[in-house]
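Here are some notes on the fold, for use alongside the coordinates. They go through the sheet, its hairpins, the helices packed on it and the empty space inside.

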Amino acid sequence: MISREQALQFADEWVAAWNAHDLDAVLAHYTEDFEMSSPFIQQMGISPDGRLKGKANVRNYWEKAMVNYPDLHFDLHEVLSCMNTVIIYYTSVKGKKAAEFFVFNEDGKVFQAMGHYN
């Protein structure tokens, strides 16, 4: 179970790692075989179904995204939590509003994530 304090700490660390463009720090929160879904994965032509599995595949995608958005900066608005999930609501690239949904395992690592954007 993820406590409110753990959810807030995760969100703060996650946003800070992204804003520092530190992929190792971002990826430290995930299991080796985590699965991610995002319309950006599909839009960038990386996977037709918008899903990737595994740190190596997601790292490759995020490295390309950082090249495409060198001024990437996230502004955290809200953190929602429930049992083993967290939703981070933030402003993403190009001023888009985003809600990222994370599912945590019993070790406190993310094994599934889904990005939602306006």
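1. Status of the model. The coordinates are those of a predicted model, and the points below should be read with that in mind.

2. Sheet order. The sheet is open and has 6 strands, arranged S2-S1-S6-S5-S4-S3 with mixed pairing. S2 (51–53) and S3 are the edge strands; each has a single partner, so one side of each lacks a neighbour in the sheet. From one strand to the next, the twist averages 15°.

3. First hairpin, S3 and S4. Strand S3 (residues 75–82) pairs with strand S4 (residues 85–91) through 7 bridges, in the antiparallel sense. To place the register, Glu78 has Tyr89 as its bridge partner in S4, and Cys82 is bridged to Thr85. The turn leaves 2 residues between the strands, and Met83 there has a positive phi of about 55°.

4. Second hairpin, S4 and S5. S4 also pairs with strand S5 (residues 97–104), antiparallel and over 7 bridges. Val86 has its bridge partner in S5, namely Phe102. Between these strands lie 5 residues, and in this hairpin Lys94 takes a positive phi near 55°.

5. Third hairpin, S5 and S6. Strand S6 (residues 110–117) runs antiparallel to S5, with 7 bridges joining the two. Glu100 has Gly115 as its bridge partner in S6. This hairpin has 5 residues between its strands, and Gly108 takes a positive phi near 80°.

6. Helices on the sheet. H1 packs on the sheet and touches strand S1 (30–37) as well as S3, S4, S5 and S6; the angle between the directions of H1 and S3 is about 145°. Helix H4 (residues 55–68) lies across S1 and S2, and runs at about 55° to S1.

7. Aromatic pairs. There are 13 aromatic pairs in the structure. One of them, Phe34 with Trp62, is tilted, with 6.3 Å centre to centre and 35° between the planes. Phe34 belongs to strand S1 and Trp62 to helix H4, so this pair ties together parts 28 residues apart in sequence.

8. Enclosed space. How many cavities of 30 Å³ or more does a search of the whole structure find? The search finds 1. The volume of the largest cavity is about 180 Å³. Its lining has 16 residues, and those closest to the centre are Phe40, Tyr61, Trp62, Phe74 and Tyr117. H1 and H4 are the elements that give two or more residues to this lining, and the largest share, 3 residues, comes from H4. By class, the cavity lining has 14 nonpolar, 1 polar and 1 charged residues. Trp62 thus appears here and in the aromatic pair with Phe34.

9. Open space. The largest pocket has a volume of about 170 Å³. Helix H1 (residues 4–19) gives the most to its lining, with 5 residues. The lining consists of Ile2, Gln6, Ala7, Gln9, Phe10, Glu13, His29, Phe104, Gly108 and Lys109, which divide into 4 nonpolar, 4 polar and 2 charged. Gly108 is therefore listed in the pocket lining as well as taking a positive phi in the hairpin of S5 and S6.

Notes. Residues numbered from 1 in each chain as written. Predicted model: local features only at pLDDT ≥ 70, side-chain atom pairs only at ≥ 80, totals over all residues. Heavy atoms only, no water. Pairing = 2+ DSSP bridges. Helix = DSSP H or I, 4+ residues; strand = E, 2+ residues; numbered from the N terminus. 1 Å grid on protein atoms, 1.4 Å probe; cavity = no way out; pocket = protein on both sides within 12 Å on 5 of 7 lines; lining within 4 Å. Points joined across faces, edges and corners; volume = space filled by probe spheres on them. Nonpolar A, V, L, I, M, F, W, Y, C, P; charged D, E, K, R; others polar. Axes fitted to C-alpha atoms, helices over the stretch in contact; angles between N-to-C directions. Contact = heavy atoms within 4.5 Å. Phe/Tyr/Trp six-rings, centres within 6.5 Å; stacked < 30°, edge-to-face > 60°.
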